[in-house]
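Student: Could you take me through a structure step by step, giving the general idea behind each feature before we look at the case in hand?

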Amino acid sequence: METPILPTLNRRQFVKTGLAASIGAQFLTHSVFGENAPSSKLRLAAVGIGGMGLANLQSCKSENIVALCDIDPHYSKRSLDAFPEAKFYRDYREMIATEPDLDGVIIATPDHTHGVITTEALRAGLNIFCQKPLTHSIYEARHVTEMARKSGVVTQMGNQGRSTDTIRLLKEWVDAGAIGNVTEVHAWTDRPVGGNPWSTFPVVARPEEEPPIPEYFDWDMWLGPAPYRPYHPIYHPMSWRAFMDFGTGPLGDMGCHILDPSFFALDLGAPSEVEAASSHWEEAVARETYPRATRVRYKFPARGSKPPVTIHWSDGKLLPFRPKGISNDVELPLSGAILVGDEGVILHGSHGASDLRIYPDSLRASFMPNRPQKRFRV
């Protein structure tokens, strides 16, 4: 039978068709197709370029970065210097409306603006890469998911751990029955409520003082859909994660990195039960910020031949209770998870099951031959 001849597509045409989705939603780089003419490069824009936005841009630097948007040109200076030919905007709506022939938008703003910026880009028919968490609320997540389904564009949430070899190796171990039937997962993070272990700001109630807004800083645009409050430097650039109006707390900040390996390896869907307990201190703080520390228990039903699973989550530097197989002399990472099976356990760090290891020693010899034990990254 003669093989049909497929039409030739340049890279931009490829991404704009449904073919891109069939190989995984992603912005493709030159390593896939080789060096092409400048006209074949993707025309990309980015919103929120001061933190993770710069790392995202560096990953796409072989493409044509035509527009950059941020409310703080001081904090985003490194990105502006790295891409001097890109046009700078303060308002993402203006950028999306006026930039001609964009192929995609990279979104790396604070959590509370992910949903509205994604919605605007979807309305314009643009492909999207949005940093985790996808949105600030469950309602927003359902809204943008439905919009993405109807739009037909390529979308991706930035959870870089899913791209690692270790997360695939974890699934291979679980599917091979390396530790038997997995029925429990213990997951934790050292992140405090503010998100940054090295933050100089204590987590407090809403500040009472009202310092002047820096001339270069667009406070109204930074607030976006959140209720108005006076400017204070405690919010930007990092400690906004602590506040309910802006962030999603340690679970939203790190949970996707730490829990995703278990969801992927165990084929988990929605939990059937969720139970939580937390610490807090005074009512004024509790209304404004997430708790200093939480413990959450999720119960998942059986999936075919796979038994029910219970996930125990803790944050705020609360370490898990050690299950059988993890002795006190085993070093635990600052953030990580333990999968407990009826024949052994698997321990890993954050971001795609990094520093993957298996216990007891007899299993390690079978599944980790000639693999030295390293200290966990801190």
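The dialogue below goes from the overall fold to helices, single residues, backbone geometry and a pocket.

Student: Before any detail, what should I keep in mind about the origin of the model, and how many helices and strands does the protein have?

Tutor: The model is predicted, and local features are taken from it where pLDDT is at least 70. The protein has 13 helices and 13 strands, and buried residues make up 49% of its 378 residues. Of the contacts between residues at least 6 apart in sequence, 62% join residues that are at least 24 apart. The accessible surface comes to about 19000 Å², and 55% of that area belongs to carbon and sulfur atoms.

Student: How do I read the burial pattern of a helix, and which residues of α4 are buried?

Tutor: An α-helix has 3.6 residues a turn, so residues three or four places apart point the same way. In α4, which spans residues 52–59, the buried residues are G53, L54, N56 and L57. Seen down the axis of α4, these buried residues fall within an arc of 160 degrees, and they therefore line one face of the helix. The elements they pack against are the strands β1 (43–47), β2 (64–69), β4 (104–107) and β5 (127–131), together with the helix α5 (77–82).

Student: Is α7 mostly covered or mostly open, and what covers its buried residues?

Tutor: Helix α7 is mostly covered, with seven of its ten residues buried. Those buried residues are H114, G115, I117, T118, T119, A121 and L122. Their cover includes the strands β1, β4, β5 and β6 (155–158) as well as the helices α6 and α8 (138–151). Just after α7, G125 takes a positive phi of about 75 degrees.

Student: Turning to single residues, where is I167 found, and is I167 buried or exposed?

Tutor: A residue counts as buried when its relative accessible area is under 20%. I167 is found in helix α9, residues 165–175, and because its relative accessibility is 0%, I167 counts as buried. Leaving aside neighbours within four places in sequence, I167 is in contact with G161, R162, D260, P261, F264, G352 and A353. The pair I167 and S262 shows how sequence and space can be read together: they are 95 residues apart in sequence, and their C-alpha atoms are 9.0 Å apart in space.

Student: Is K171, which is also found in α9, buried or exposed, and which residues is K171 in contact with?

Tutor: K171 has a relative accessible area of 16%, so K171 is buried. Beyond its neighbours within four places in sequence, K171 is in contact with F264, A265 and D267. F264 is thus a contact of K171 and is also listed among the contacts of I167.

Student: What should I look for in the backbone, and where are cis peptide bonds found?

Tutor: Here one reads the omega angle of the peptide bond. A cis peptide bond joins H236 and P237, with omega about 15 degrees, and P237 is found in the loop between α10 and α11. A cis peptide bond also joins Y359 and P360, with omega about 5 degrees, and P360 is found in the loop between β13 (357–359) and α13 (361–367).

Student: Which residues have a positive phi although they are not glycines, and is each buried or exposed?

Tutor: K317 has a positive phi of about 70 degrees and is found in the loop between β10 (309–314) and β11 (336–341). With 52% relative accessibility, K317 counts as exposed. A353 has a positive phi of about 60 degrees, and its place is in the loop between β12 (345–349) and β13. A353 is buried, with a relative accessible area of 0%, and is one of the residues in contact with I167.

Student: Finally, how is a pocket read, and what is the volume of the second largest pocket?

Tutor: Rolling a probe the size of a water molecule over the atoms shows where empty space is left. The second largest pocket has a volume of about 860 Å³. It is lined by 41 residues, of which A108, T109, P110, W240 and R241 are the closest to its centre. Helices α6 (92–98), α7 (114–123), α10 (219–223) and α11 (249–266) each supply at least two residues of this lining. By class, the lining has 19 nonpolar, 14 polar and eight charged residues.

Note on methods. Residues are numbered from 1 along each chain as its sequence is written. This is a predicted model: local features need pLDDT of at least 70, side-chain atom pairs count only at pLDDT 80 or more; totals for chains, interfaces and linings use all residues. Side-chain values use heavy atoms; hydrogens and water are left out. On a 1 Å grid over the protein atoms alone, a cavity is a set of points where a 1.4 Å probe fits but cannot get out, and a pocket is an open set with protein on both sides within 12 Å along at least five of seven lines; lining residues have an atom within 4 Å of a point. Grid points are joined across faces, edges and corners, and a volume is the space filled by probe spheres set on the points. Helices (H or I, at least four residues) and strands (E, at least two) are DSSP runs, numbered from the N terminus. Ala, Val, Leu, Ile, Met, Phe, Trp, Tyr, Cys and Pro count as nonpolar, Asp, Glu, Lys and Arg as charged, and the others, Gly among them, as polar. Buried means under 20% relative accessible area, exposed over 50%, partly exposed in between (1.4 Å probe, protein chains only). The arc is that of the directions from the helix axis to the C-beta atoms. Contact means heavy atoms within 4.5 Å. Accessible areas come from the Shrake-Rupley method with a 1.4 Å probe; for residues, only the protein chains shown count as cover.
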